Amino acid sequence: MQTDYLVIGAGVTGICVARELKQRHPAASVVVIDKESGCARHSSGRNSGVLEAGFAWSSDTLAGRFCRAGNEELSSYCEQKGLPVNRCGELVVARDGDELSALDRLARRAEGNGIEFSRLDASEAEKAEPRARTHQQALLFPSSAVVDPGGVARRMEQDARDAGVRFLYEDSYLGRAGEDLITTRGTVQAGYVVNCAGLNADRIARDFGAAANYRLLPVKYLYLESAGVPGSYRTHIGAAADYLQGPWPGVRLLLGADGRARLGPAIKPALWREQYRGAEGFQPFEMSSILALSLGQMFQGGSGVCKLCAARLKGSARSRLVAAGARLAEGINRNDYRDWSRAEIQPQLVNTETHRLEEDFIIERGDSSIHLLNGISPLFTCSMPLARHICDQIEQ
Ligand SMILES: Cc1cc2nc3c(=O)[nH]c(=O)nc-3n(C[C@H](O)[C@H](O)[C@H](O)COP(=O)(O)OP(=O)(O)OC[C@H]3O[C@@H](n4cnc5c(N)ncnc54)[C@H](O)[C@@H]3O)c2cc1C
């Protein structure tokens, strides 16, 4: 097969980039390959669907730069297409007096990123979300919303098809042979390759001479689902300091597109890239290389990464998540939060030079190719403007 552009990965980023490329170059052929039998079978279909407001990321990050625009575009896209959007907003609380300075920092970040918010006193916060607990003040971000991520991705895929993008499923990228790409369906000659392969993006990037300084530390996220009536809460709720603690978010009470509440995330290591459930799809080679390389990096990283991992593993027990949730809102108890959601896996990268966990998306170029790495939250929210940014980079 020959194509002008080959996109690897039919998650939300691959779909958005393919669509944008076709819009910019109508005469060019754009093909998306994916190893699964349909689109959005990994992060894009399994994530929490939160359209993040964007206050948690500083303006010098790609996440901070694109979150507000991504939130606006994706929520209006959903409304235009008749897809459900729960515009619930997000209440950021202070658990005690010490956390008021974290509220101030978040307010400054929000101002820096041009995000609308209100500063509320305790009684105003109670009106916004009667069950939230806060100490003196809170911040309300009205643009935070939630959608059904799989439904959105499938609709985007249909739009891309209608625009002339070709999707080939059950077609895995396997490697390179000189200038050609080898996939399960045969050999591909591509003018330009865009790698949006999520959990495999770092591995594919290395074939093109990119991502040399990164190793994957796949991290499993799980949420406790509420057995309560959907609609019992009005807003997402989180604690100010938790948004500032690095790449792994603190415990939030999140609403679904249907209004159902969930608490989390619990964070656990994944022993291979797609270890969603038990030993299903066991990959012994991946497990040994992830343990050897990623855990080795963690220990070379010294106390910072190790302490963070240890603290998050400890805080991921059901009792601890419920206790953390009970500090955010009234009426959270163990009886209502018994069932775990299905697992989601984040392609977290460790930088082998700085020995730090990367906290932003990474875009690297290789020969005739571009690679989107470290596809962590809020990439779903940022997908539309980030796709334009990637296409600008390709054109430069
Ligand atoms: C637990 C969790 C919760 C999240 N919550 C949110 C949220 O609430 N809001 C938000 O904005 N963001 C969130 N995110 C981030 C967001 O979901 C993801 O970053 C985003 O969906 C990634 O999209 P993607 O297209 O880059 O990757 P993916 O959706 O993972 O797609 C990659 C695709 O590449 C394919 N692929 C992989 N290897 C190959 C190969 N060799 N050959 C062919 N195809 C291949 C896969 O099958 C897959 O379809 C969350 C992420 C996680 C993990």
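Modeller: Start with the vocabulary. Helices (H or I, at least four residues) and strands (E, at least two) are DSSP runs, numbered from the N terminus. This is a predicted model, in which local features need pLDDT of at least 70, side-chain atom pairs count only at pLDDT 80 or more, and totals for chains, interfaces and linings use all residues. Residues are numbered from 1 along each chain as its sequence is written, and side-chain values use heavy atoms, with hydrogens and water left out.

Colleague: Where is the place of P378?

Modeller: P378 lies in the loop that runs from strand 22 (369–373) to helix 11. Check the bond before it. S377 and P378 are joined by a cis peptide bond, with omega about 10 degrees.

Colleague: Which residues does the other cis peptide bond join?

Modeller: G264 and P265. Omega is about 10 degrees there. P265 sits in strand 17. Strand 17 covers residues 261–269.

Colleague: What sign does phi have in most residues other than glycine?

Modeller: Negative, and most peptide bonds are trans. Now look at Q136. Q136 is not a glycine, yet its phi is positive, about 70 degrees. Q136 belongs to the loop between helix 5 (122–128) and strand 7. A211 also has a positive phi without being glycine, near 60 degrees. Look for A211 in the loop between helix 7 (201–207) and strand 13 (214–216).

Colleague: Is A211 buried or exposed?

Modeller: First the scale: buried means under 20% relative accessible area, exposed over 50%, partly exposed in between (1.4 Å probe, protein chains only). A211 has a relative accessible area of 0%, so A211 is buried. Q136 is at 49%, so Q136 counts as partly exposed.

Colleague: With which residues is S144 in contact?

Modeller: Contact means heavy atoms within 4.5 Å. Neighbours within four places in sequence are left aside. S144 then touches V50, L51, A53, N71, R87, C88, G89, E90 and H236. S144 occupies the loop between strand 7 (137–141) and strand 8 (145–147). S144 counts as buried because its relative accessibility is 0%.

Colleague: Where is D148 found?

Modeller: In the loop between strand 8 and helix 6 (149–162). D148 has a relative accessible area of 36%, so D148 is partly exposed. Beyond the neighbours within four places, its contacts are P84, R154 and A257. D148 and V50 show how sequence and space part company. They are 98 residues apart in sequence, while their C-alpha atoms are 8.7 Å apart.

Colleague: How many Å separate the C-alpha atoms of A261 and Y5?

Modeller: 41 Å, with the two positions 256 residues apart along the chain. A261 counts as buried because its relative accessibility is 7%. Outside the neighbours within four places, A261 contacts L224, E225, S226, Y233, L253, L254, L255 and Y337.

Colleague: At what angle do helix 1 and helix 11 pack?

Modeller: Axes are lines fitted to C-alpha atoms, for helices over the stretch in contact, and angles run from 0 to 180 degrees between N-to-C directions. Helix 1 (residues 12–24) meets helix 11 (residues 379–395) at about 45 degrees, with the axes 8 Å apart. Angles under 35 degrees count as roughly parallel, over 145 as roughly antiparallel, 65 to 115 as roughly perpendicular and the rest as oblique. Helix 1 and helix 11 are therefore oblique to each other. On the helix 1 side the contact uses V12, T13, C16, V17, E20, L21 and R24. Helix 11 brings residues including L379, F380, S383, M384 and A387.

Colleague: At roughly what angle do the axes of helix 3 and helix 11 cross?

Modeller: Roughly 105 degrees, and the axes come within 6 Å. Helix 3 is therefore roughly perpendicular to helix 11. Among the helix 3 residues in this contact are L62, F66, C67, N71 and Y77. Helix 11 supplies F380, T381, C382, S383, M384, P385, L386, R388 and H389.

Colleague: To what number of disulfides does the count come?

Modeller: A disulfide is a pair of cysteine sulfur atoms within 2.5 Å. The count is zero. Take C67. Its closest cysteine sulfur is in C382, 4.3 Å away, too far for a bond. C67 counts as buried, at 0% relative accessibility. For C78, the closest cysteine sulfur is in C16, at 11 Å, again too far for a bond. C78 is buried too, with a relative accessible area of 0%.
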